[in-house]
Amino acid sequence: MSRLFQTNTVRKVRELGGMWDFVTVPDGEIQLESLQYRYRLAVPGCWETHPELLTYSGRGVYRTKVTLEKRTSLRLVFKGVSHTANVFFNGKPVARHYNAYTAFDAVIRDVEAGTHELAVLVDNSFSEASSLHVPNDYYTYGGIIRPVMLEEIQELFVERIAFTPLKRLTTDAYIEADNEAENDTEIEAVSGSGQSGAGSWQAEIHACVRYPALSKKHTQLKLDAKLTATIAGQTLELGSVSLQPGDTASVGGIFSIDRVQAWSQENPSLYFLQVVVQIEGQAAPVDDLVERVGFRTVTTERGRIQLNGEDIVLQGFNRHEDHPLTGSAFPLPLMAQDLQLMLDMGANAVRTSHYPNDERFLDLCDEQGVLVWEENHARGLSIEQMRNPNFIWQCEQVNREMVEQHFNHPSIVIWAILNECASDLEEGRVHYKRQLEQIRAMDSSRPLTFASHHREQEICFDLADIVSCNLYPGWYGDEDPGELCDAARGWADAAGGAGKPMIMSEFGGDGHYGLRDPNRVRGTEERQADIIEANLQAYTSREYMSGMFIWQFCDCRVTEGTGWLLARAGTQNSKGIVDRYRRPKLAYEVVKKYFRGKVKVN
């Protein structure tokens with residue numbers, strides 16, 4: 001299961017999960033047909049879950065069999081392979097992809113009925129070929145870490161849909177519930193009033209349709225097709241396209257959609273949007289794609305962040321996809337548990353530090369009204385690392401794939417880039433400007449930011465819509481959190497951030513689970529709880545603050561190495577409010593007290 005809902009009704013889709021053959025392989029050329037597979041590993045999964053591969057870093061090959069009942073064309077969709085994948089179908093290369101945290105596909109023409117071999121060469125090692133996956137304060141697991149889907153496609157298929165809610169046109173005070181669900185593809189919405197009331201919305205809808213050259217006989221065949229969308233019981237004509245083999249085209253426009261409710265934290269109303277493709281002269285549709293969307297707007301005015309025109313304050317956690325039993329390959333129950341624990345503490349937001357998250361987790365956030373800051377994969381890179389010749393194209397790719405693939409999640413309210421990289425240097429500013437402009441050109445409906453730790457040396461805040469600071473008063477320094485926060489506001493204003501919302505994007509301190517001492521020495525749960533309380537008291541009492549994200553939700557594994565960063569005790573970052581097994585520390589109740597508003601602030 002790659003999503004929490006059915007994504008197709010016309011296209012045949014199945015998951016290639018289960019136990020795959022696996023073998024580690026050395027660097028250099030390999031002969032797939034001569035490999036002797038030693039292990040059976042779960043897919044999706046991390047190879048570190050096997051007792052003989054707990055610390056293995058390098059290359060390995062996964063293999064499985066695919067059986068087809070009839071001749072067809074295939075689209076293989078890999079939701080995440082860590083970190084570089086080379087895909088082979090019957091021994092022939094069909095795809096190559098870099099980055100663990102975004103999806104990619106391979107289209108294979110006219111595959112005969114019968115049994116076929118699918119093999120994936122996976123590499124999680126650090127080298128010059130990888131500018132983003134480097135030794136870091138989290139762990140780069142190896143394996144096929146997210147679901148693999150096999151799709152049977154016809155001549156054309158819908159590659160993606162982009163849904164942008166633009167503005168509310170009218171609001172009805174109340175609409176009977178039976179008017180809210182006029183077909184069986186809509187999620188029932190609870191009627192409301194005010195900003196969450198039902199009414200008419202204006203939205204932009206575009207569908208990208210692709211015509212792969214499926215066989216030699218089709219190389220000169222032009223196809224004319226019509227695309228139709230259905231949402232909230234209404235049918236919309238997106239338009240027509242004329243395609244040659246190998247073409248990809250986008251069609252759509254701006255539409256008014258009636259009798260829908262706004263998506264909000266209190267009332268996260270969701271609607272299914274289905275796009276169907278019909279080829280001229282054929283009675284039956286050839287393909288479809290279903291997305292789940294919400295109607296809401298995100299703005300940054302008067303130095304604050306607004307959801308549907310109302311000021312909001314983001315209160316949440318930085319979260320790594322890391323668990324001692326599963327690594328970064330999260331099953332749905334663990335995703336749900338993480339979100340339930342955050343909600344129990346009163347959080348309304350989560351930051352996907354420091355990479356795009358599994359879409360099933362984003363689906364859960366959509367359903368439960370949790371606001372998401374999602375960011376690309378680039379953390380703590382020096383200017384020397386940013387000079388890697390692969391850095392520009394690898395960042396461009398992850399930015400594009402992140403936005404295109406996660407565009408329709410209403411829970412995502414912020415896009416972000418380049419956490420704690422060289423935004424204090426003119427050479428680094430060139431990269432920040434390029435990447436922010438890239439994302440803004442793809443999606444102008446969400447504000448952009450990046451998290452900086454450069455204090456008064458920051459020079460890129462003028463490029464972003466929100467200023468965000470990573471500061472650790474009480475842990476890496478003895479500053480007063482309130483005074484440091486006020487100073488950070490001044491630094492941001494002087495660096496081009498005046499009039500922009502401000503978020504404290506990281507703060508916290510180590511607390512080793514079970515280590516308790518009334519003397520509150522460093523690393524104890526008591527000392528961590530004190531640090532969290534002092535920070536939350538400062539940030540919740542300042543009117544200019546638009547958000548705060550505790551570092552971090554759960555303890556996580558880090559790369560083993562030397563130096564203060566990579567020599568953490570137990571190879572863990574222990575700043576989690578819960579430990580790796582999700583056991584609450586003393587700071588848990590402190591967070592709940594502030595996030596649930598049980599503390600009166602002056």
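**Close-up 1. Two arginines sit over phenylalanine rings.** In this predicted model, the charged end of R446 is parked over the ring of F407, 5.6 Å from its centre. R319 does much the same kind of thing with F361: the arginine lies over the face of the ring, at 3.9 Å from the ring centre. Keep F361 in mind, as helix α3 uses this residue in its contact with α2.

**Close-up 2. Helices α2 and α3 pack against each other.** Here you're looking at α2, residues 332–344, and α3, residues 359–368. Their axes are 10 Å apart and meet at an angle of about 40°. An angle from 35 up to 65 degrees is neither roughly parallel nor roughly perpendicular, so α2 counts as oblique to α3. The crossing of α2 past α3 is right-handed. On the α2 side, the contact comes from L332, M335, A336, L339, M342 and L343. On the α3 side, look for R360, F361, L364, C365 and Q368.

**Close-up 3. W20 and Y62 make an edge-to-face pair.** Aromatic pairs add up to 22 in this model, and this is one of them. The two ring centres are 6.4 Å apart, which is within the 6.5 Å limit for a pair. With the planes at 75°, over the 60 degree cut-off, the pair is edge-to-face. W20 belongs to strand β2 (residues 18–25) and Y62 to strand β4 (residues 59–68), so this pair ties together parts that are 42 residues apart in sequence. Buried or exposed, what is W20? W20 counts as buried, because its relative accessibility is 0%. Y62 is buried too, with a relative accessible area of 0%.

**Close-up 4. W201 and F295 form a tilted pair.** Their rings are 5.9 Å apart, centre to centre, with 55° between the planes. W201 sits in strand β14 (residues 198–210), while F295 is in the loop between β19 (287–293) and β20 (298–301). That puts the partners 94 residues apart, and the pair links distant parts of the chain. Both W201 and F295 are buried.

**Close-up 5. A cluster of aromatic rings takes in W20 and Y62.** Pull back from the W20 and Y62 pair and you'll find F22, Y39, W47 and Y56 as well. Ring pairs link these residues into a cluster.

**Close-up 6. Two peptide bonds are cis.** One joins V43 and P44, with omega about 0°. P44 is in the loop between β3 (39–43) and β4. The other runs from S82 to H83, and its omega is near -10°. H83 is in the loop between β6 (81–82) and β7 (84–89).

**Close-up 7. A232 and R302 have positive phi without being glycines.** For A232, phi is about 50°. This alanine lies in the loop between β15 (223–231) and β16 (234–243). A232 has a relative accessible area of 5%, so it's buried. For R302, phi is about 55°, and the residue lies in the loop between β20 and β21 (304–307). Is R302 buried or exposed? R302 is exposed, because its relative accessible area is 60%.

Conventions
Residues numbered from 1 in each chain as written. Predicted model: local features only at pLDDT ≥ 70, side-chain atom pairs only at ≥ 80, totals over all residues. Heavy atoms only, no water. Phe/Tyr/Trp six-rings, centres within 6.5 Å; stacked < 30°, edge-to-face > 60°. Helix = DSSP H or I, 4+ residues; strand = E, 2+ residues; numbered from the N terminus. Buried < 20%, exposed > 50% of the residue type's maximum accessible area, 1.4 Å probe, protein only. Lys NZ or Arg CZ within 6 Å of the ring centre and 35° of its normal. Axes fitted to C-alpha atoms, helices over the stretch in contact; angles between N-to-C directions. Parallel < 35°, antiparallel > 145°, perpendicular 65-115°, else oblique. Left-handed = near helix turned anticlockwise from the far one by under 90°. Contact = heavy atoms within 4.5 Å.
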